[in-house]
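Hi everyone, thanks for making time today. I'd like to walk you through a structure and stop at a few places that caught my eye.

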Amino acid sequence: MKNLLKNQAFKHLFFINLLYANPSYTSSLKKKHKYRYNPKLIYSDILKYSYILGTIIMVVVYTPIFIPINFSVLPFLLDYSLGFFLLMNILQTFTFFFNVFYESRDSESYMPLPIPEKMVFTAKMAVIGLATAQLSIPILPLVIVFNVYNGMNIVLSLIYGILAFIIFGGAVVAINSLLMQFMVKTAILSKFKTSIITFMSLAGIFLNVFVIFKLQRYNSNISQEVLKKGKVVFGPISKLMANGVLQGIMLLVIAVVVIAVILFVSRGSEKSFYSSVRLIQGNTKSGKNGNARKRNILSSYNSDNENTKGGIVFDGEDTVRDSVVQRTRKKRFKKAKFGMFRYNLGLINDSTLITQSIVLPSFMPVMTIAPMMISNSAEITNVFRNNQIVFVLLIPLAIGLIVSIYPTNLCSVIVSLDRENYNYFMALPIDRRKYFFSKLQFSLLFTILVPLIMMIGLFWYLKINILLSIVGILVLIVVTASASIHWLIFDYKNVLINWHSVNEIQNRLPRYITILVFMILISMIIVSSALIYGVSLLGSSGGVIGIVIAILTVIVGFSIYRLRKFLKQII
């Protein structure tokens with residue numbers, strides 16, 4: 001009976017955390033009639049449609065990508081792919097673990113309940129492991145295709161592929177768990193918890209980017225060697241996996257190590273889980289100066305609508321008095337804008353938010369464009385120096401789109417970060433358009449800063465003249481703003497104020513959808529850039545410039561149309 005009660009409690013905790021992990025999908029399901037009569041159906045449908053169906057869709061999408069690669073001739077590509085996916089998964093999730101376990105507000109709700117903290121920790125680990133495993137789905141078709149090309153029958157290839165997928169997902173969980181524990185111990189020892197965690201996140205990102213660059217260079221060098229000498233080159237992992245028996249032994253050994261690490265971290269964490277949460281969250285002052293900030297913003301906005309000075313009401317007929325009123329209103333408007341900027345700045349004090357919504361989107365162009373340019377630096381440098389107009393249009397366009405379409409960028413969460421203050425703002429007698437644009441300007445400032453510095457550095461390196469450099473900077477700003485508008489509209493229309501963890505507002509769309517859309521758009525951008533680059537090699541610069549300008553016109557035109565339509569709705 002005791003075990004039954006424990007199982008029931010664990011089951012409820014698991015499903016509660018499952019709802020927190022899929023807030024937007026859960027909200028949409030609750031609106032349907034069938035769930036009102038049987039709310040428990042929500043749990044099974046989230047598992048079916050968000051995880052199982054998402055897994056099937058991602059397998060269907062990734063399989064055609066790997067099938068054309070002849071792994072019997074290029075087996076080393078398996079090592080490269082495994083290393084790349086492992087690093088990218090860790091890069092996208094290691095702060096996610098820390099946030100869900102130690103910064104999420106829902107942990108406080110469990111503390112007074114007669115539920116063992118071990119059970120709470122395990123339920124969170126189960127849900128977060130399930131969510132993280134979705135990022136490991138490409139391993140399934142990758143290993144199956146590799147085994148088939150190397151002579152293994154399809155049934156055994158499928159079994160090994162499923163095992164590799166599970167073990168790979170477990171490895172990501174194990175590595176993230178170790179990183180999480182290191183971050184916990186470091187944060188507890190420091191007064192500056194958020195700063196320490198953010199610094200560690202940045203260090204991890206830079207390390208991952210460095211290793212990815214090294215992998216890109218290794219892949220390029222090996223590919224050239226294969227093409228020149230015509231020999232088959234194996235990597236350390238592909239050499240073992242080419243043999244069915246050795247592959248099975250390797251997977252078994254890795255599985256034992258992964259299970260041991262997860263058990264070690266769990267047993268060390270679950271006993272002190274609540275105490276660690278209290279210590280970490282103890283330095284976070286919720287609602288810090290909230291009322292004062294509300295009063296300041298309210299007075300700033302109200303003062304913008306007043307025709308008063310020193311308590312004297314002006315009737316607007318006297319020219320001198322009108323000029324005084326205008327100067328006063330301008331000063332107060334500037335003060336209100338600065339107040340909103342400071343307010344928004346105070347919202348981005350979460351380590352996961354800084355990493356996932358500011359740092360990762362900013363560095364995504366570095367990880368996608370820089371490796372291609374580095375591996376072919378001499379050729380690309382010569383081409384772009386001879387086609388500077390193409391370069392200052394194409395590169396800013398690609399960078400702006402990559403930064404803007406990242407599913408967790410700051411524009412996609414900036415409204416929801418207001419929490420309950422959002423309702424307060426909507427109740428104020430203010431122009432909602434000003435509120436919207438203040439959010440847009442603030443988000444763009446942090447989104448575009450790193451890409452802008454990177455692009456200016458490229459312009460300087462390639463000796464692009466000042467006039468064309470200004471054109472490139474304007475293109476980057478316009479493209480980033482145009483694309484980011486759509487995320488901000490999404491956040492405004494789907495605002496979430498009662499969130500416990502910042503991951504809830506970052507994952508309002510099902511994870512598999514955001515990953516697929518992002519990967520498809522990134523692929524389209526890279527392929528389109530490569531095609532345009534190829535056309536420019538043939539000397540058709542005029543046609544290329546026309547294509548890029550047409551793309552810019554469509555992006556900007558559609559964004560302006562949608563923005564105007566949206567602004568009419570919120571007046």
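Before we start, one definition: the helices I mention are DSSP runs of at least four residues, numbered from the N terminus. And please keep in mind that this is a predicted model.

Let's begin on the surface. Val148, Ile154, Val155, Leu156, Ile159 and Leu163 form a nonpolar patch there, and together they have about 500 Å² of accessible area. Which helix gives the largest share of this patch? That would be helix α9, residues 154-188, with five residues. One residue of that helix is Ile154. Its relative accessible area is 56%, and the cut-off for exposed is over 50%, so Ile154 counts as exposed.

Now let's go inside, to Leu18, which sits in helix α1, residues 2-21. Is Leu18 buried or exposed? It is buried, because its relative accessible area is 0%. Leaving out residues up to four places away in sequence, Leu18 touches Tyr43, Ile46, Leu47, Tyr51, Val127 and Leu130. There is a long-range pairing here too: Leu18 and Ile128 are 110 residues apart along the chain, yet their C-alpha atoms are separated by 8.7 Å.

Gln134 gives us another such pair. You'll find Gln134 in the loop between α7, residues 117-133, and α8, residues 139-149. With a relative accessible area of 4%, Gln134 is buried. Its partner in this case is Ile52, 82 residues away in sequence and 9.3 Å away in space, C-alpha to C-alpha.

On to the nonpolar cores. The largest one has 37 residues, and those with the most contacts inside it are Leu410, Leu417, Tyr435 and Tyr492. Several elements give two or more residues to this core, including α15 (319-347), α16 (351-375), α20 (432-461) and α24 (541-570). Which helix gives the most? It is α21, with seven residues. Apart from this core lies another, of 29 residues, among them Phe71, Phe76, Tyr160 and Ile167.

Let's zoom in on Leu410. Setting aside residues up to four places away in sequence, its contacts are Ile348, Ser357, Ile358, Leu417, Phe442, Ser443, Phe446 and Thr447. Right before it in the numbering comes Asn409, in the loop between α18 (388-405) and α19. Asn409 is polar company worth a look: it counts as buried because its relative accessibility is 0%. The side chain of Asn409 reaches the backbone nitrogen of Cys411 at 2.9 Å. Asn409 also touches Ser357, Pro361, Val403, Ser404 and Trp487, again not counting residues up to four places away in sequence.

Finally, the charges. How many salt bridges does a search of the whole structure find? Two. In one of them, the side chains of Lys439 and Asp418 meet at 2.8 Å, N to O. This pair links distant parts of the chain, with Lys439 in helix α20 and Asp418 in the loop between α18 and α19, 21 residues apart. Both Lys439 and Asp418 are buried.

The side chains of Asp431 and Arg433 also meet in a salt bridge, at 3.2 Å, N to O. Here Asp431 counts as partly exposed, because its relative accessibility is 29%. Arg433 is partly exposed as well, with a relative accessible area of 34%.

That's my tour, and I'm happy to go back to any of these spots.

Methods:
Residues are numbered from 1 along each chain as its sequence is written. This is a predicted model: local features need pLDDT of at least 70, side-chain atom pairs count only at pLDDT 80 or more; totals for chains, interfaces and linings use all residues. Side-chain values use heavy atoms; hydrogens and water are left out. Patches are made of residues with over 30% relative accessible area and no salt bridge: like charges are joined within 9 Å, nonpolar side chains (Val, Leu, Ile, Met, Phe, Trp, Tyr) within 5 Å. Accessible areas come from the Shrake-Rupley method with a 1.4 Å probe; for residues, only the protein chains shown count as cover. A salt bridge is a side-chain nitrogen of Lys or Arg within 4 Å of a carboxyl oxygen of Asp or Glu. Buried means under 20% relative accessible area, exposed over 50%, partly exposed in between (1.4 Å probe, protein chains only). Contact means heavy atoms within 4.5 Å. A nonpolar core is a set of buried Ala, Val, Leu, Ile, Met, Phe, Trp, Tyr and Cys residues joined through side-chain atoms within 4.5 Å. A polar contact is a pair of N or O atoms within 3.5 Å; within protein, one must be able to donate a hydrogen and the other to accept it, and residues adjacent in sequence count only if both atoms are side-chain atoms.
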